[in-house]
Amino acid sequence: IPSIFLHPPPTIRPSPTPVIVHLRRDQLLPLELNPFKTTPNETLNTRFGHFPHKTLLGVQCGSLVKSSLVGNDRKRKRNGEAEDDGAGGDAPSGFIHVLAPTPELWTISLPHRTQVVYTADSSYILHRLRTRPGIHIIEAGAGSGSFTHAAVRGVYNGYPTGIGSKGKVFSYEYHAPRAEKLREEIREHGFEGLVEVTQGDVCKDGFRLQMGRDMRNNAMDGQIQLEEGVEKMGVNGDVCEEDSEESPEATAVFLDLPAPWLAVPHLTRNHQVPTAPLPIPSLDTPVPPTNTGTPSSAIAASPTTTNQTLISKITKSWGPLHPTLPVQICTFSPCIEQIHRTVSVLRKLSWTECEMVEVQHRKLEVRRQRPGGMAGADGAYSNIEEAVRKLKGVVGWRKRPIDETEENVARKGRENNNKRRRDFDEQDKNPIVTTRLEPELKTHTSYLLFATLPPPWSAADEEAARLRVEVEK
Ligand code: SAM
């Protein structure tokens, strides 16, 4: 079944994936309408009213749902006639909106297990990592899974899980309960096949996948059991061969952990470049270009190449990165010293184009105010003197001199009112535009460090390229 995060259904229906209840602009909560865990008799109790699950099922996603105990129901309840809804107490007559989940809504409603990456940052990071359908992304640590969800949307190629789906997020988390909780969420959210969670310390053990880890541990314990998956990975006999172990072959990496510079040295390519030049093509046979991502071994074995004299040896070694494509990295660190350490390690290891960015996402609330309007919620007086003068004016009008006739008072009142109306009309034409910062914008201020690992290019490649140009001439 395709994930409702990626294929929102038209109506709210029972599902292991939670729906999102929108209470207020800044207050959203995930709600399980899971037929295996909850029953339609259960009730969502909020400060905006009580909502039995059965009143939410079947409504259109995005709909406003009124609290079930309003109007006649409330009256009947007061008279002891209404059924007991189990909510306890009288219900406020409010409303909520029920929404289909999206990665962005999940980010602002998920149960926090750690600090999380918010959409202002994750959208920029995914853009700079050149995320597109079908690519493989590594993320460490996974934490509460906020970035994981955003990344899934980026790599998902539109096919429901398992049918031609190629994009994938490889998540690493060393805190075992957090890794387990994320696995559970991935299952419930329908992301199986799109996210693979591995529990481990990437700074110490690198980015090997869980299955490879399990095999090595078993080999060490002398408890090798050849399972179906193990055979698929090309393991010979009872020895775990490093070269044949599965690799994420990622082209994008996001590191959100305290010491990213310790993880960077583990980010190597899955297969090293050939130590000998690539074959020289003859003029009449088509040849795949050198750096298209085709592993060098495939080029060597290709039936379309001739003059295969120059490839003699390909150095193989396991690494989590794609063998040939450029790789983008982003690290997320709260202080500049951490950035310095990461930059120096990245540079030593041939990463280029290091650039640091801080996303200063601010939302401005823009209002129009009357420059000299009535004081009150808007506080529209421009200074104290003006406020006092206006106040005196109002009080003076209200204080009635002893010799004033009723008629005079009424006339002065009318004149005063007319003048104020004219003033307001004038001020309405020239309002002051004021702005203020939205107070509770959620962002986690950190520095984003970006870098690129260029495609491998050796002296041998250079020589082969030169020869190819000559042949073409
Ligand atoms: N990006 C996550 C999100 O959006 O929800 C939040 C990540 S949280 C700030 C950092 C996580 O990194 C923690 O859960 C921590 O356990 C994990 N972590 C720290 N060091 C690690 C390491 N060496 N290997 C794997 N995970 C690590």
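## Thr452, its sheet and the ligand

Trainee: Where is Thr452 found?

Mentor: Helices (H or I, at least four residues) and strands (E, at least two) are DSSP runs, numbered from the N terminus. Going by those runs, Thr452 is found in strand β17. This is a predicted model, where local features need pLDDT of at least 70 and side-chain atom pairs count only at pLDDT 80 or more, while totals for chains, interfaces and linings use all residues. Residues are numbered from 1 along each chain as its sequence is written, and side-chain values use heavy atoms, with hydrogens and water left out. So for Thr452, the element to look up is strand β17.

Trainee: Does Thr452 count as buried or exposed?

Mentor: Buried means under 20% relative accessible area, exposed over 50%, and partly exposed in between (1.4 Å probe, protein chains only). Thr452 has 11% relative accessibility, so the label is buried.

Trainee: Which side chains make polar contacts with the side chain of Thr452?

Mentor: A polar contact is a pair of N or O atoms within 3.5 Å; within protein, one must be able to donate a hydrogen and the other to accept it, and residues adjacent in sequence count only if both atoms are side-chain atoms. One such contact, of 3.0 Å, goes to Gln328. Another, at 3.1 Å, goes to Glu353. That gives you Gln328 and Glu353.

Trainee: How many of the residues of β17 are buried?

Mentor: Strand β17 covers residues 447-453. Most of the strand is covered, and the count of buried residues is 6 of 7.

Trainee: Which residue is the bridge partner of Ile329 in β17?

Mentor: Two strands pair if DSSP finds at least two bridges between them. Strand β13 (residues 327-333) pairs with β17 over 7 bridges, in the antiparallel sense. Look across from Ile329 into β17 and you land on Ala451.

Trainee: Which residue in β17 stands opposite Thr352?

Mentor: Strand β14 (residues 352-358) runs antiparallel to β17, with 5 bridges joining the two. Opposite Thr352 you'll find our old friend Thr452.

Trainee: Why do β9 and β14 each have one side without a neighbour in the sheet?

Mentor: The sheet is open, with 7 strands in the order β9-β8-β7-β10-β13-β17-β14 and mixed pairing. Because β9 (195-199) and β14 stand at the edges, each has a single partner strand.

Trainee: Which residue in β10 stands opposite Ile137?

Mentor: Here the strands run parallel: β7 (residues 136-140) and β10 (residues 252-255) are joined by 4 bridges. The residue opposite Ile137 is Ala252.

Trainee: What is the order of the strands in the open sheet of 4 strands?

Mentor: The pairing in this sheet is antiparallel. β2 (27-33) and β5 (64-66) stand at the edges, so one side of each is left without a neighbour. The full order is β2-β1-β6-β5.

Trainee: Which residues come nearest to the ligand?

Mentor: A residue is near a molecule if one of its heavy atoms lies within 4 Å of it. There are 22 residues around the ligand. Those that come nearest are Val117, Glu173, Arg178, Asp201 and Asp256.

Trainee: How far is an oxygen atom of the ligand from an N or O atom in the side chain of Glu173?

Mentor: Backbone atoms approach the ligand too: a polar one of Ser144 is 3.1 Å from a ligand oxygen, and an N or O atom of Val202 lies 3.1 Å from a ligand nitrogen. For the side chain of Glu173, the distance is 2.5 Å.
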